[in-house]
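Good morning, colleagues. May I ask you to turn to the structure on the screen, as I should like to discuss one helix and some aromatic rings.

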Amino acid sequence: MTDIKGLCEPRFTAVRAALAASLGKDDVGASVAVYLDGEPVVDIWGGYADADRSVSWERDTLTGVNSTTKNMTALCALVLADRGQLDLSAPVASYWPEFAAAGKENLLVRHVLSHTAGLPDLLGPPAVEDLYDWQSVTAGLAAQAPEWEPGTAAGYHALTFGFLIGEVVRRITGRSLGEFFAEEVAEPLGADFHIGLRADDDRRVAPLIPPPSLTDEYASSAPPGPDGTRREYAGAAIRVRDANSVAWRRAQIPAVNGFGNARSVALIQSVLANRGSAGGVRLLSPRGCEPAWQEVFRGEDRVLRTSMSWTVGFGKFGSTFGWGGWGGSLVASDPDARMTVAYVMNQMIDREQQEDNRGLEMIMAAYSGLR
């Protein structure tokens with residue numbers, strides 16, 4: 001029987017059972033957290049922080065959550081909007097004048113947040129090392145023409161999302177996205193999540209483990225369409241070994257390089273599910289949370305090759321909103337139930353080789369505790 005540690009209220013024992021089952025089958029190390037009304041009702045972890053299963057996954061173990069980071073970047077934008085410093089319906093160029101080039105003078109902040117800006121890829125294709133040069137990447141995006149008329153179609157902005165929102169935040173606040181997030185979100189909440197990880201925290205990192213039968217050369221890519229063909233991809237091919245590198249940890253790539261665990265992910269995102277506050281700390285007004293679950297676009301996503309509903313910063317799935325990361329991490333919030341569920345692991349699964357329902361199983365188990 002897998003040893004599960006941490007807090008689990010009796011009515012949520014199905015979550016503990018789901019984590020134990022996953023650790024006994026697919027997972028090496030993982031954590032799950034459920035927040036209800038802004039307070040933890042489940043905060044559990046188990047397994048190992050390394051592929052050799054020699055180092056235990058501890059309470060303060062961190063790992064890269066890849067695109068689950070986008071939830072944090074979107075929250076930063078909503079915080080600024082709630083404070084009146086950012087108008088979601090304003091042109092990006094009103095904050096970042098150079099961005100008006102190449103016909104983007106009317107491209108709105110909400111277009112970027114809803115993946116409808118028409119800038120899904122960086123031109124290049126860039127090497128991973130190029131992503132570490134913030135000024136070069138953002139200057140390139142400012143000069144780039146959109147692939148479609150902004151707002152008329154959607155295409156998942158896998159890497160560009162973080163640079164675009166991050167530069168708007170930098171222009172408004174004078175701080176990098178990672179600095180703003182640390183000072184205005186993570187620190188007030190006491191949340192152990194980082195965009196740009198300090199060297200002091202390296203010892204706590206559980207490296208990502210490539211999917212079974214694959215090596216650390218395994219790379220992210222756009223998924224194939226229904227006919228099996230792939231969208232031509234001009235972005236950087238990020239490998240597992242890149243995501244596990246020291247350079248990646250230190251960088252500012254706020255779409256994809258956040259480090260945390262289920263507790264920190266759920267705590268932060270529970271602010272939106274709980275009308276702006278968590279753990280007695282208020283970050284937004286109740287009204288300031290609403291764009292997170294209000295649909296902006298519904299239709300075929302040109303990159304993901306599937307029908308999507310996008311809000312201002314999040315994917316919408318029925319009554320829930322949130323997003324997951326390459327390899328399996330996931331967070332989902334339900335504003336009606338005032339519940340947030342997060343799942344963070346180190347063992348990646350390639351969805352083209354194997355179905356991955358780990359995060360969904362944790363979410364369903366959490367809902368069983370509400371009955």
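Which residues in α5 are buried? Before I answer, please note that this is a predicted model. The buried residues of α5 are Thr-160, Phe-161, Gly-162, Phe-163, Leu-164, Ile-165, Gly-166, Glu-167, Val-168 and Val-169. That is ten of the 14 residues in the helix, so α5 is mostly covered.

What do these buried residues pack against? Their partners are α2 (70-82), α3 (109-113), α4 (134-143) and α6 (177-189).

Let me turn to the length of the helix. Helix α5 covers residues 160-173, and at 1.5 Å a residue its 14 residues should span 20 Å. The C-alpha atoms at its ends are 20 Å apart, which agrees with that expectation. After α5 comes Gly-174, with a positive phi near 75°.

I move now to the aromatic rings. The structure holds ten aromatic pairs. One of them is formed by Trp-134 and Phe-163: the centres are 5.0 Å apart, the planes meet at 45°, and the pair is tilted. This pair links distant parts of the chain, since Trp-134 lies in helix α4 and Phe-163 in helix α5, 29 residues apart.

Are these two residues buried or exposed? Buried means under 20% relative accessible area. Trp-134, at 16%, is therefore buried, and Phe-163, at 0%, is buried as well.

Elsewhere, ring pairs join Tyr-156, Trp-310, Phe-317 and Trp-323 into a cluster. Finally, the ring of Phe-99 has the charged end of Lys-104 sitting over it, 4.7 Å from the ring centre.

Methods. Residues are numbered from 1 along each chain as its sequence is written. This is a predicted model: local features need pLDDT of at least 70, side-chain atom pairs count only at pLDDT 80 or more; totals for chains, interfaces and linings use all residues. Side-chain values use heavy atoms; hydrogens and water are left out. Helices (H or I, at least four residues) and strands (E, at least two) are DSSP runs, numbered from the N terminus. The expected span of a helix is 1.5 Å times one less than its number of residues. Buried means under 20% relative accessible area, exposed over 50%, partly exposed in between (1.4 Å probe, protein chains only). Contact means heavy atoms within 4.5 Å. Rings of Phe, Tyr and Trp (its six-membered ring) pair if their centres lie within 6.5 Å; planes under 30 degrees apart count as stacked, over 60 as edge-to-face and the rest as tilted. A charge sits over a ring if NZ of Lys or CZ of Arg is within 6 Å of the ring centre and within 35 degrees of the ring normal.
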